[in-house]
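Pull up the model, set it to cartoon, and keep the sequence beside it. Let's take a walk through the fold together.

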Amino acid sequence: MDKSVCKLLVVSIIALANIARADDLELPQNARPFTVTTPFAAQDEKKVLVYFKYDCPYCREYHAMLTGWGQTLPAGYSLEFVPVIESGDNGQPLKKNIIPFMLYETMERIPGVGPANLQSFSERAYAIEQDGSMKPNGNDAEWKAAVHRAGVSSPQMKNAAAWASQWMPDAIRRQVHYQLKETPTLVICGKYEVSPGITNGDHAMFQQLINGVMSKCMIDQGFKPTGG
């Protein structure tokens with residue numbers, strides 16, 4: 001999409017997001033800088049899911065910004081990073097995806113682990129995957145160091161990982177449901193999929209866009225804006 005056209009659409013979404021009636025927010029399908037989908041589960045309606053990969057340079061570029069943005073979401077909504085799981089020729093999940101997925105998802109379930117801890121882990125994980133100073137797929141020592149850098153102990157990980165077998169099937173089904181085409185992709189309220197590529201790398205415009213789509217989501221769910 002042409003950047004100037006996208007900018008007009010972003011402005012339109014932000015302006016329309018101040019209108020109380022959700023019906024007024026509808027745009028022609030071919031003019032939307034997002035993809036419309038349906039929630040995989042009811043809990044997704046109150047989340048912003050960020051699908052990403054540690055070998056994706058654009059994911060690395062936007063990770064810190066999205067972490068900060070997630071902390072500004074209205075009460076009742078939360079941002080959740082979800083590492084993408086890819087499959088090999090045999091149809092089985094790739095080990096290089098399973099390891100970071102399991103580590104990240106485990107840490108998210110440990111009491112007291114917050115965005116700062118997860119961001120610290122992610123910084124090391126991106127280095128493992130992208131910087132070339134470590135083995136391409138990492139090794140046990142490297143991943144263990146990334147966990148420790150995040151301030152999480154081995155006993156904490158071991159206890160939380162006891163539920164790991166329960167997360168993976170649903171995580172794969174949810175990822176398949178959203179039919180991801182690129183990373184990073186934000187799934188907002190389980191209804192709108194947005195990726196930075198639509199704004200040609202313009203961080204400020206992308207943040208405006210996701211602010212507008214988030215407002216649209218809230219209005220869809222019955223939020224009534226105030227003001228004239």
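We'll start with the overall picture and then work through one helix, the cores and a few odd spots in the backbone.

First, a word on confidence, since this is a predicted model. The average pLDDT of the protein is 81, and 77% of the residues score at least 70. Two stretches deserve a pinch of salt. Across residues 4-8 the pLDDT drops below 50, and that stretch makes five contacts in the model beyond near neighbours in sequence. Residues 10-28 are also below 50, with 36 contacts beyond near neighbours in sequence.

Now the layout. The protein has eight helices and five strands, and reading from the N terminus the elements go α-β-β-α-β-α-α-α-α-α-β-β-α. Of its 228 residues, 46% count as buried. If you look at contacts with a separation of 6 or more, 70% of them are between residues 24 or more positions apart. The accessible surface adds up to about 11400 Å², and carbon and sulfur atoms hold 53% of that.

A good place to zoom in is helix α2, residues 57-70. Its 14 residues cover 20 Å from the first C-alpha to the last, close to the 20 Å expected at 1.5 Å a residue. The helix does have a bend, though, of about 40° at H63. Its buried residues are C59, Y62, H63, M65, L66, T67, W69 and G70. What do the buried residues of α2 pack against? The list takes in three strands and two helices by name: β2 (47-52), β3 (78-83) and β4, along with α4 and α8.

The α4 side of that packing can be seen from Q119, which sits in helix α4 (residues 115-130). Leaving out residues up to four places away in sequence, Q119 touches H63, A64 and T67. Is Q119 buried or exposed? Its relative accessibility is 15%, so Q119 counts as buried, the cut-off being under 20%. Two of its partners, H63 and T67, are themselves among the buried residues of α2, and H63 is where the helix bends. As for the spacing of those partners, an α-helix has 3.6 residues a turn, so residues three or four places apart point the same way.

Next, the nonpolar interior. The largest nonpolar core has 45 residues, and the members touching the most others are L66, M107, F121, L186, I188, F206 and M214. Helix α8 gives the most to this core, with seven residues. Follow M214 to get a feel for the packing: not counting residues up to four places away in sequence, M214 touches V48, W69, L73, Y77, I188 and C189. A second, separate core has 11 residues, including V82, I85, Y178 and V187.

Y178 and V187 turn up again around E193, which is in strand β5. Beyond residues up to four places away in sequence, E193 touches F34, T35, T37, Y178, Q179, L180, T185, L186 and V187. One of these, T35, is 158 residues from E193 in sequence but 4.9 Å away in space, C-alpha to C-alpha. Why does a glutamate like E193 count as buried? Its relative accessible area is 10%, so E193 falls under the 20% limit.

That leaves the backbone oddities, and the background helps here: most residues other than glycine have a negative phi, and most peptide bonds are trans. Look at the loop between α7 (164-178) and β4 (185-188), where P184 sits. The peptide bond joining T183 and P184 is cis, with omega about -5°. T183 belongs to this loop too, and its relative accessibility of 17% makes it buried. Not counting residues up to four places away in sequence, T183 touches Y51, F52, K53, C56, Y58, C59 and V84. C59, you'll recall, is one of the buried residues of α2.

Q179 is also found in the loop between α7 and β4. Although not a glycine, Q179 has a positive phi of about 45°. Unlike buried T183, Q179 is exposed, with a relative accessible area of 56%. N200, in the loop between β5 (192-194) and α8 (203-220), has a positive phi as well, about 55°, and is not a glycine either. At 46% relative accessibility, N200 counts as partly exposed.

Key:
Residues are numbered from 1 along each chain as its sequence is written. This is a predicted model: local features need pLDDT of at least 70, side-chain atom pairs count only at pLDDT 80 or more; totals for chains, interfaces and linings use all residues. Side-chain values use heavy atoms; hydrogens and water are left out. Helices (H or I, at least four residues) and strands (E, at least two) are DSSP runs, numbered from the N terminus. Buried means under 20% relative accessible area, exposed over 50%, partly exposed in between (1.4 Å probe, protein chains only). Contact means heavy atoms within 4.5 Å. A nonpolar core is a set of buried Ala, Val, Leu, Ile, Met, Phe, Trp, Tyr and Cys residues joined through side-chain atoms within 4.5 Å. Accessible areas come from the Shrake-Rupley method with a 1.4 Å probe; for residues, only the protein chains shown count as cover. The expected span of a helix is 1.5 Å times one less than its number of residues. The bend at a residue is the angle between axes fitted to the seven residues ending there and the seven starting there. pLDDT is the predictor's confidence in each residue, from 0 to 100.
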